[in-house]
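Visitor: Could you walk me through this model slowly, one part at a time?

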Amino acid sequence: MAPGTIGRVTSAVPSGSDVRVRFAPAPTGYLHLGGARTALFNWLFARQQGGELVLRIEDTDAERSRFELIEVIYRALEWLGIDWDGEPVHQSDRSELYRAAADTLLASGHAYWCDCTPDDVKARAEARGGKPGYDGHCRDRALGPGPGRVVRFRTPDDGETAFDDLVRGPITFANAELEDFVIVRSNGVPMFLVANAVDDPEMGITHIVRGEDLINTTPKVLLLREALGVDTSAVYAHLPLIVNEKRQKLSKRRDDVSMGDYIERGYLPEAMRNYLALLGWGPPDGVEIRPIAEIIELFRLEDVGKSSAFFDLKKLASFNGHYIRELPATEFVERSTHWLFDKAPWPAERFHAATFERLAPLVQERVELLSEVPGYVDFVFLADPVIDDDSWAKAMGKSPDNARAQLDAVLEAYETATWEAEPLMAVIAESGARLGLPKKQWQAPVRVAVTGRTVGPPLGEALEVLGRDEVLRRLRAARERLAA
RNA sequence: GCCCCCAUCGUCCAGCGGCCUAGGACGCCUCCCUUUCAAGGAGGUAACACGGGUUCGAAUCCCGUUGGGGGUGCCA
């Protein structure tokens, strides 16, 4: 391969079952939105091609890596329905391999020892005129190993390193722009760039699909691979970044990005993964909400867009509502369990599954998030409804006389009414009409008296489920409060 | 600063030189349905950043400008 064309896609780009991709998270935090999207695209591509997706845990930095997070990342991937092939590879188990590579580089003159501290480097850079980066101070000092010393890679002084990015096209870096970067830390542990250069060829990775934030590290790894004499023909595909409303890369500190948080908020994995697939990619026929099997079938890495994508919570929520409504009723009940027990505002012993199941279909078409479920049924399982002030003001406060009259009429009729949704609503309509109330005021006082809110499941069913005694009790309580 | 990248409705995608008086989705607005809220149905609002080329013809190709982002660690 001619110089300056390292990594350029030439003739035989692996495809089909030869495809092997990897998702390589660093266990320094939970799986976040960006990582999930990267994992998803790798997975879609692998499954589309009938190839393999392997996991590689990039934990060369022992100080930042937290082992318990690895398990959390696995669980989040599983939740999303992303499966992988074979056992995950841990870079921390492979230090010897990387050290050997560094030795090779040292022996061949591609790397050298350096005793400059970060402060030295910075100070000289400032003295030079503020241009950051290492100045090659130790390049020819022929230093040997020693405490506090790092190994740096000797980048070429001229020429360029280029590669064809599957989503971005040809990208070129002048080698002179690349500083002599550190490949082995002073504690003896090789950096991820070396690990990368060693692992990708060694693991047989054919396509490197990752975030655009890593694009600048690509020439360094390519140079490393070339110096190590390993195959440099991997195909790169850099995915556009996912950004916040200010168009900045999503950050763990600033933005709401933990996948675990989305799970706890009641998003469905189907919705999340469907939505994520649409960030940077779109199906040719424009049908956005569709089974994952179809997305796998239609997905093309080369169709991925180049510009960053805003993570739109509203659209995600809309998708989520769609998927919730699509659930079979029993499935909806099952998936709500977590919010009915672990996160419910009522004591567990007051919960009755059969009662919830009666209301569930009515709730199902009203929520966008599973976490909203308790709010629709809490009036049933709480000893007393939580009266929302605004709702009370709206239903009772505007025309107290009307509310009183309607409540009195309904109270009396309910003593003997047939306790089923339809007749119960008929009572409300009859008295409302008889009293000459505007339609808006027919059910509102009853609803707020019994459920505490103006918004909720259909009133007839709510009343039926609560039972005559409890409804009468709540109606009287409200009536009393209204009299005061 | 330097390097790299990006640029179609508010947002996410479609558009790959004529099919574009630019299409879909989310949002927003209106109407229908409705004794709550949703859901559902019917409409509507809204974009090719700017300037030069190339071409018979450009949202689509090229150059520049502007704007935005990423990187610039002994993190990945």
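Guide: What follows is a short set of questions and answers about a predicted model. Local features in it need pLDDT of at least 70 and side-chain atom pairs count only at pLDDT 80 or more, while totals for chains, interfaces and linings use all residues. Residues are numbered from 1 along each chain as its sequence is written, chains are lettered from A and ligands numbered from 1 in the order in which they are written, and side-chain values use heavy atoms, with hydrogens and water left out.

Visitor: Is Arg-56 buried or exposed?

Guide: Arg-56 is found in strand E2, residues 52-57, where a strand is a DSSP run of E with at least two residues, a helix is a run of H or I with at least four, and both are numbered from the N terminus. Buried means under 20% relative accessible area, exposed over 50%, and partly exposed in between, using a 1.4 Å probe and protein chains only. Because its relative accessibility is 0%, Arg-56 counts as buried.

Visitor: With which side chains does the side chain of Arg-56 make a polar contact?

Guide: A polar contact is a pair of N or O atoms within 3.5 Å; within protein, one must be able to donate a hydrogen and the other to accept it, and residues adjacent in sequence count only if both atoms are side-chain atoms. For the side chain of Arg-56, one such contact, of 2.9 Å, is with the side chain of Glu-58, and another, of 2.8 Å, is with that of Asp-200.

Visitor: Which element gives the largest share of the surface near RNA strand B?

Guide: A residue is near a strand if one of its heavy atoms lies within 4 Å of it. Of the 60 residues around RNA strand B, those that come nearest are Glu-58, Thr-60, Arg-64, Arg-185 and Arg-247, and sugar and phosphate account for 68% of the strand's atoms that come within 4 Å of the protein. The largest share of this surface, four residues, comes from H10.

Visitor: Which atom of RNA strand B is 3.2 Å from a polar side-chain atom of Arg-447?

Guide: A phosphate oxygen of RNA strand B is 2.2 Å from an N or O atom in the side chain of Arg-185. For the polar side-chain atom of Arg-447, the partner at 3.2 Å is a base nitrogen.

Visitor: Which residues of helix H14 are buried?

Guide: On the other side of H14 from its buried residues, Asp-389, Asp-390 and Lys-394 are exposed. The buried residues of H14, which spans residues 389-397, are Ser-391, Trp-392, Ala-395 and Met-396.
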